[in-house]
Amino acid sequence: MEDERPIVVMLGPPGAGKGTQAELLSKKLGLDHVATGDLLREELAQNTPLGQLAKSYMERGELVPDDVVAQMVAGRLSGDRGAVLDGFPRNLNQAHILDRLLSERGLKVTLAVEFVIAEEVLVRRLSARYLCSECQASYNMVTNPPKAQGICDRCGGSLYQRVDDQPDTVRKRLQVYREQTEPVVAYYRERGLLRTVDADRPIEAVSETLSAIVADPA
Ligand code: AMP
């Protein structure tokens with residue numbers, strides 16, 4: 001029965017829509033949603049030692065050290081059901097760490113999905129992105145605005161813009177993606193686990209494609 005717990009890795013540059021889709025997919029299938037960026041932002045908001053350590057890396061658009069992130073992920077992989085991993089692994093070392101964490105729980109990556117989208121679209125998307133300070137729901141002021149300005153539809157929390165969504169930091173994050181995360185895409189492709197989706201489409205359309213892939217990954 002172990003093999004029936006899906007472990008889906010979401011790969012793609014910042015702003016490609018991984019977080020939105022990971023949330024929809026995990027709800028639909030009853031899977032854990034492990035989003036390392038969200039977890040790190042929670043640590044930051046609570047000013048924990050981990051948050052203090054992560055802050056400067058995140059503000060510069062660089063990766064937080066692997067051991068820190070790996071420890072956080074280990075605590076969130078229950079192993080009771082499958083999971084959607086969003087923002088992890090971000091480099092090859094993390095991909096190896098993930099394989100080890102999963103095998104310790106009798107699990108393995110069952111599918112990796114690469115969100116494909118042009119860089120100029122990403123810079124535009126990220127500059128219009130606002131997040132809820134309470135529940136981390138994500139909005140786009142142009143394509144997916146909240147019903148009331150500055151207020152989260154879901155929980156009533158106030159919306160804010162991420163400091164690392166400024167154009168300069170976005171460019172750094174894109175560079176980090178190309179240099180460190182694209183090899184992870186190749187890693188899963190070589191193992192026959194990779195599927196790609198065109199991420200430059202409305203949320204519902206991407207979600208439908210993703211569900212179809214998960215239902216029939218072959
Ligand atoms: P995200 O919300 O996924 O765009 O992540 C925001 C920031 O958190 C990144 O730019 C990194 O600084 C940090 N971060 C998130 N996930 C990871 C990871 N797997 N490894 C290292 N740093 C990460």
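# A guided tour of the predicted model

Begin with the open sheet of 5 strands, whose order is S2-S3-S1-S4-S8 and whose pairing is parallel. Keep in mind throughout the tour that this is a predicted model. At the edges of the sheet you will find strand S2 (32-35) and strand S8 (194-198), each of which pairs on one side only. If you look along the sheet, the twist from one strand to the next averages 20°.

**Across the strands**

Select S2 and S3 together, and you will see two parallel strands that are joined by 4 bridges, with His33 standing opposite Val84 in S3. Next add S1, which pairs with S3 in the parallel sense over 4 bridges, and look for Val9, which stands opposite Leu85 in S3. Then move to strand S4 (residues 111-116), which runs parallel to S8 and is joined to S8 by 5 bridges; here Val116 stands opposite Asp198 in S8.

Return now to S3 and show its side chains. In a regular strand the side chains alternate between the two faces of the sheet. Which residues of S3 are buried on each side? Ala83 and Leu85 are buried on one side, while Val84 and Asp86 are buried on the other, and both faces of S3 are thus covered.

**Into the nonpolar cores**

Select Val9, Leu11, Leu77, Leu85, Leu98 and Tyr188, which, of the 32 residues in the largest nonpolar core, touch the most other members. At least two residues of this core come from each of several elements, including strand S1 (7-11), helix H5 (92-104) and helix H7 (167-190). A second, separate core has 22 residues, among them Ile117, Leu126, Ala199 and Val206. In soluble globular proteins, nonpolar side chains tend to be buried together.

Centre the view on Leu11 and, leaving out residues up to four places away in sequence, look for what Leu11 touches: the list includes Phe115, Tyr177, Val184, Tyr188 and Leu194.

**Two helices**

Select helix H8 (residues 203-215), which lies across S1, S4 and S8 and runs at about 160° to S8. Then go to H2, where the buried residues are Thr36, Leu39, Leu40 and Arg41. Their cover includes S2, H3, H4, S3, strand S5 (129-132) and S7. Just after H2 comes Asn47, whose phi is positive, near 55°.

**Around the ligand**

Show the ligand and the 16 residues around it, of which Thr36, Arg41, Glu62, Gly87 and Gln94 come nearest. A polar side-chain atom of Arg41 is 2.9 Å from an oxygen atom of the ligand, and a polar backbone atom of Glu62 is 2.5 Å from an oxygen atom of the ligand. On Gln94, look for an N or O atom in the side chain that lies 2.9 Å from a nitrogen atom of the ligand.

**A last stop in a loop**

Finally, select Asp164, which lies in the loop between strand S7 (159-160) and H7. Why does Asp164 count as buried? Asp164 counts as buried because its relative accessibility is 9%, and buried means under 20%. Its side chain is joined to the side chain of Arg162 by a polar contact of 2.8 Å. If neighbours within four places in sequence are left aside, Asp164 is in contact with Met58, Thr169, Val170 and Arg173.

Notes. Residues numbered from 1 in each chain as written. Predicted model: local features only at pLDDT ≥ 70, side-chain atom pairs only at ≥ 80, totals over all residues. Heavy atoms only, no water. Core = buried A, V, L, I, M, F, W, Y, C linked by side-chain atoms within 4.5 Å. Buried < 20%, exposed > 50% of the residue type's maximum accessible area, 1.4 Å probe, protein only. Contact = heavy atoms within 4.5 Å. Pairing = 2+ DSSP bridges. Axes fitted to C-alpha atoms, helices over the stretch in contact; angles between N-to-C directions. Near = heavy atom within 4 Å. Polar contact = N/O pair within 3.5 Å; in protein donor to acceptor, adjacent residues only side chain to side chain.
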